[in-house]
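Me: I would like a close look at a single part of this model, followed by how that part sits in its surroundings. Please take it step by step.

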Amino acid sequence: MEIQAKRVIARKTDPTGVWIAVRRPLLVALIIGCVVSLLDSGVLTPRLAIPAAFWWTYVPLVEILALFAASPAARRSGCWQRTIDRYFAGHGPWLFWMAGLAAWFAFIPTVAILSWRPHIQIVFDSAALAIAWSAYADFQFFRRNLKQSTWRAARDLVIQRAIAWTVGLTIFLGGAGYQTVASRLGL
Amino acid sequence: MIGLRGISWVLLAAAFAAGTLADIAPARPRIFLGGYRVLSGDFHLHPSPYSASTLTPWDLMWEAQHQGLDVVAIAGQNEIWSGRAAHWVARHLGGPTVLASEEIHGPDFHMIAVGIRSTVSWRLTAAKAIGEIHRQGGVAIAAHPSAGSWPAFDAAAMQQLDASEVLQPAVFGSDSATAELRAFFTRKPMAAIASTDWHGLGPPGLCRTWLFVHSNSEEEVLRAIRERRTVVYDRGDYFGRPELVKLAMSEGRLREKAKESRWGAVSRILGMLAIGLAVGCWFKSGVGGCGKTGAGDRGPGAGV
C-alpha cells in the first residue's frame with residue numbers, strides 16, 4: 001500500500017512524464033479549435049471545435065519539430081518533456097491575439113466587421129504585434145531556460161522561426177503562396 | 001490558480017452544452033417558384049489546408065449545410081483534391097450537394113472552376129483556363145473581378161465565361177468595389193453569382209446565390225449556371241434573368257435571415273469567458289511570469 005502511494009505521488013510530481021510535454025500543446029490546439037468555432041459560426045460548439053482542434057494540432061507539432069531541429073541546446077537539454085512545456089509557456093501572446101479575434105467576430109456581426117475597411121489591416125497589424133511579443137518570449141526561453149548566449153539564442157530563434165513558419169505557411173496557404181512567390185521570381 | 005482553471009473548464013463545458021443546443025437547426029421548407037425548385041448556393045468556399053482557411057473540406061461542407069446552403073463549391077486554391085475529398089465524404093456520409101472545384105489563383109485573374117475533375121493550371125490565360133474547365137464539364141466563374149483583373153478577361157475569355165461574382169464580401173463598405181463587380185457583370189449576359197470567398201472569418205453562406213433548378217443534382221446545378229438560372233440579391237438590388245428576378249422578388253422567404261437560437265448567445269458568452277480565463281491562467285503561469293515558477297523559469301510547476 002505504501003509503495004503504491006509513493007508511486008502515485010511520484011507520478012504526480014514527476015516533471016518528466018509525457019503529460020508534461022503534451023499538456024500545453026494540446027491546450028493550444030483546443031483553444032485554436034474553440035476560436036475557429038466562434039469565428040466560423042459565432043457559437044462555441046463541439047461539432048466544430050473538436051475536429052478543428054484535432055486538425056490544428058499540426059501547428060504545435062510543427063513548432064516542436066522546428067524547436068528541436070533548430071536548437072542544439074534543446075536536443076541536449078536531457079528532459080525533452082520539460083523543454084517542450086517551457087517553450088509552450090511562451091504562447092500567451094498568440095492565445096491572447098486569437099482570443100481577441102474570436103471576441104471580435106463573436107460579438108459583432110460579420111457584415112459590420114467586413115464593411116469596416118480597416119478590418120484586414122487591424123488583423124495583420126495585431127498579428128504583427130503578437131509575432132514580435134512571441135519572438136521576445138521565445139528569445140527569453142532560449143536565453144534563460146536553455147542557458148544560451150544572446151547571440152546563440154537569437155540564432156536559434158531565427159532558425160526555429162524559419163523552419164516552423166515555412167512549413168506552417170506552406171500547409172496553411174501553399175496554394176496561393178506558391179503561385180505568388182513563383183510569379184514574382186519568374187519561376 | 002486551480003480554482004480559476006477549474007472555473008474555465010466548467011465554463012467551457014457549459015459553452016459546449018449551450019452550443020450543442022444552438023446547433024439544432026430548424027427544418028427549412030423547400031421553396032418552389034414558377035415550376036422551379038430554388039436552391040441556396042455558395043460557390044467560393046476555401047478549405048484547409050493549403051487555401052488560408054480554418055476548416056477541413058468535410059467540416060466546411062457540413063457547416064455550410066448547417067448554415068442553410070443546399071449547394072457548395074469547395075474550392076482549394078490551385079488544387080482540386082480538397083474539393084474531391086469533400087465531394088467523396090458528402091456522397092458517402094451525407095451532406096449538401098458538393099461540386100469539386102478550384103480557385104484558379106493566377107497573377108492576373110482569379111477564377112472559380114466549378115465541377116471539374118483535375119487541376120487547371122494557374123499559368124494559363126483566362127481564355128485557355130475557361131476552355132480547359134469546359135473540356136472537363138465544369139463552369140467558369142470570374143472571382144471578385146475588380147478593375148485590375150479586367151485586362152485578363154479579353155474578348156476570347158469573355159466569350160466563353162459562364163458567370164461572374166456580382167456580390168461577395170469585397171463589396172461591403174466599398175462603393176468602388178461594388179461598382180466594379182457590377183460593371184463587369186454587365187459586359188455580357190452571364191449567370192449572376194454571390195459568393196462568400198470564405199477563408200474562415202464569419203459563416204459560409206454570408207453571400208449566397210439562388211439557383212432555379214429542376215432537381216438538386218450536380219449536373220442540374222451546372223446546367224442552371226450555364227443557362228443563367230440564378231438570381232442574386234444585394235442590398236435592395238436584384239441580378240439575374242428578369243423573369244427569375246420577378247419570381248424571386250415575390251418570395252419573401254428568400255431574403256429572410258436565419259434566426260439564431262438564444263443558446264447561441266449563451267454559448268458565445270460562456271465560451272469567451274472560458275477562453276479569456278484560460279489565456280489569463282496561461283499568462284499567470286507562463287511568460288511574463290507572476291506564477292510560482294517565476295519569470296525566467298517557466299517550469300513544470302507552471303499550471304495549465
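Me: In which sense do strand β1 (residues 31-33) of chain B and β2(B) pair, and over how many bridges? Please then follow β2(B) through its other partners and on to the chain around it.

Reply: The model is a predicted one, and what follows should be read with that in mind. Strand β1 of chain B, residues 31-33, pairs with β2(B) in the antiparallel sense, and 3 bridges link the two. Within this pairing, B:F32 is placed opposite B:R37 of β2(B). The two strands form a hairpin with 2 residues between them, and in this hairpin B:G34 adopts a positive phi near 55°.

β2(B) has further partners. With strand β9 of chain B, residues 209-213, β2(B) again pairs in the antiparallel sense, here over 5 bridges, and B:S40 has B:W210 of β9(B) as its bridge partner. With β3(B), by contrast, β2(B) runs parallel, the two being joined by 3 bridges, and in this pairing B:G41 lies opposite B:V71 of β3(B).

The burial of the strand can be stated with its cut-off, since a residue counts as buried if 20 or more other C-beta atoms lie within 10 Å of its own. Of the 10 residues of β2 of chain B, which spans residues 36-45, 8 are buried, so the strand is largely enclosed by the rest of the structure.

The parallel partner leads on to the other chain. β3(B), residues 71-77, is among the elements that give two or more residues to the side of chain B that touches chain A, together with α1 (2-22), α2 (57-66) and α9 (262-285) of chain B. The largest share of that side comes from α9(B), with 11 residues. Taken as a whole, 52 residues of chain B are in contact with 53 residues of chain A, and by class the side belonging to chain B holds 24 nonpolar, 22 polar and 6 charged residues.

As for the wider setting, the domain assignment divides chain B into domain 1 (1-24 + 264-304) and domain 2 (28-255), and the centres of these two domains, taken over C-alpha atoms, are separated by 40 Å. Chain A, on the other side of the contact, has 10 helices and 0 strands. Of its 187 residues, 38% of those in chain A count as buried, and the C-alpha atoms of chain A fill a box of roughly 65 × 40 × 25 Å along the principal axes.

How values were computed:
Residues numbered from 1 in each chain as written. Chains lettered and ligands numbered in written order. Predicted model: local features only at pLDDT ≥ 70, side-chain atom pairs only at ≥ 80, totals over all residues. Contact = placed C-beta atoms within 7 Å. Helix = DSSP H or I, 4+ residues; strand = E, 2+ residues; numbered from the N terminus. Nonpolar A, V, L, I, M, F, W, Y, C, P; charged D, E, K, R; others polar. Buried ≥ 20, exposed ≤ 12 C-beta atoms within 10 Å, placed from the backbone. Pairing = 2+ DSSP bridges. Domains from an automatic or database assignment.
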